[in-house]
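Reader: I am new to this structure. Please show me how to read it, one feature at a time.

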Amino acid sequence: LMQDRPDPVELLEAVATFLREHVAASIEGRVSFHARVAANMLDIVRREIELGPQSQARELQGLRALLGADAPAGLAQANRLLCERIAAGLLDAAAPELHQHLLQTARDKLAIDQPGYAAAAERKD
């Protein structure tokens, strides 16, 4: 629908493009650098909106598989319980399923924060 346009992702992309292509390109020095940093931050927020929910759902699903039936419903609580179980020796830190979960979680976070690095890491596998 027309009243839904532009959506938040499009707004973030437009402001980032403006900062990068017009502001940073037309000035020099510290302000130009900060304009590029601001554009990069907007890109991260945009990717968080686009990819974050799926990434968090996948992480929580992995935590539930590792922790079993008593896994907390919240992501922060489930991560805390995972750390507690590893520290207590109740979960083998070398377990392949833990390694796979942590690797996938790291890749998902990198896809949001540093997509170029995430793509390079994927090619190395």
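Author: We go from the whole chain to its helices, then to the cores and one buried residue. Keep in mind that this is a predicted model.

Reader: Where do I begin? Which elements does the protein chain have?

Author: Begin with the elements. The protein chain has five helices and zero strands. Read from the N terminus, the order is α-α-α-α-α.

Reader: How do I judge the overall shape? What is the radius of gyration of the protein chain?

Author: Set it beside the value for a globule. A compact globule of 125 residues would come out near 14 Å, but the protein chain has 19 Å. The box tells you about extent too. Along the principal axes, the C-alpha atoms fill roughly 55 × 40 × 25 Å.

Reader: How much of the protein chain is buried?

Author: Of its 125 residues, 27% count as buried. Now look at contacts with a separation of 6 or more. Residues 24 or more positions apart make up 41% of them.

Reader: How do I check the length of a helix? What should helix 1 span?

Author: Use the rise of 1.5 Å a residue. Helix 1 covers residues 8-26, so its 19 residues should span 27 Å. The end C-alpha atoms lie 26 Å apart, which agrees. Try helix 4, residues 96-113, as well. Its 18 residues should span 26 Å, and the ends are 25 Å apart, which again agrees.

Reader: Where is the kink in helix 1 centred?

Author: On Leu19, with an angle of about 30°. Leu19 is also one of the buried residues of helix 1, along with Val9, Leu12, Ala16 and Ala24. These buried residues pack against helix 2. Look at the start of helix 1 too. There, a side-chain oxygen of Asp7 comes to within 3.1 Å of the backbone nitrogen of Val9.

Reader: By how much does helix 2 bend?

Author: By about 55°, at Leu51. Look a little further along the helix, which runs over residues 29-67. A proline, Pro53, follows within four residues of the bend. Then check what comes just after helix 2. Gly68 has a positive phi of about 85° there.

Reader: How do I read a core? Which residues form the largest nonpolar core?

Author: List the members, then ask which helices supply them. The largest core has eleven residues: Leu60, Leu63, Leu66, Leu67, Ala71, Ala78, Leu81, Leu82, Leu91, Ala95 and Leu98. Helix 2 and helix 3 (75-87) each give at least two of them. The largest share, four residues, is from helix 2. Take Leu60 as a case. Beyond residues up to four places away in sequence, Leu60 touches Pro72, Ala73, Gly74, Leu75 and Ala78. A second, separate core has five residues, including Leu12, Ala16, Ala39 and Leu42.

Reader: Now a single residue. Is Glu59 buried or exposed?

Author: Compare its relative accessible area with the cut-off. Buried means under 20%. Glu59 has 7%, so Glu59 is buried. Glu59 sits in helix 2.

Reader: Which residues is Glu59 in contact with?

Author: Leave aside its neighbours within four places in sequence. Glu59 is then in contact with Leu75, Asn79, His101, Thr105 and Lys109. With Asn79, the side chains make a polar contact of 3.0 Å. Two of these partners, His101 and Thr105, appear again among the buried residues of helix 4. That list also includes Leu98, Arg107, Asp108 and Ile112.

Notes: Residues numbered from 1 in each chain as written. Predicted model: local features only at pLDDT ≥ 70, side-chain atom pairs only at ≥ 80, totals over all residues. Heavy atoms only, no water. Bend = angle between axes of the 7 residues up to and from the residue. Helix = DSSP H or I, 4+ residues; strand = E, 2+ residues; numbered from the N terminus. Buried < 20%, exposed > 50% of the residue type's maximum accessible area, 1.4 Å probe, protein only. Polar contact = N/O pair within 3.5 Å; in protein donor to acceptor, adjacent residues only side chain to side chain. Contact = heavy atoms within 4.5 Å. Core = buried A, V, L, I, M, F, W, Y, C linked by side-chain atoms within 4.5 Å. Expected span 1.5 Å × (residues − 1). Rg over C-alpha atoms; globule rule 2.2 N^0.38 Å.
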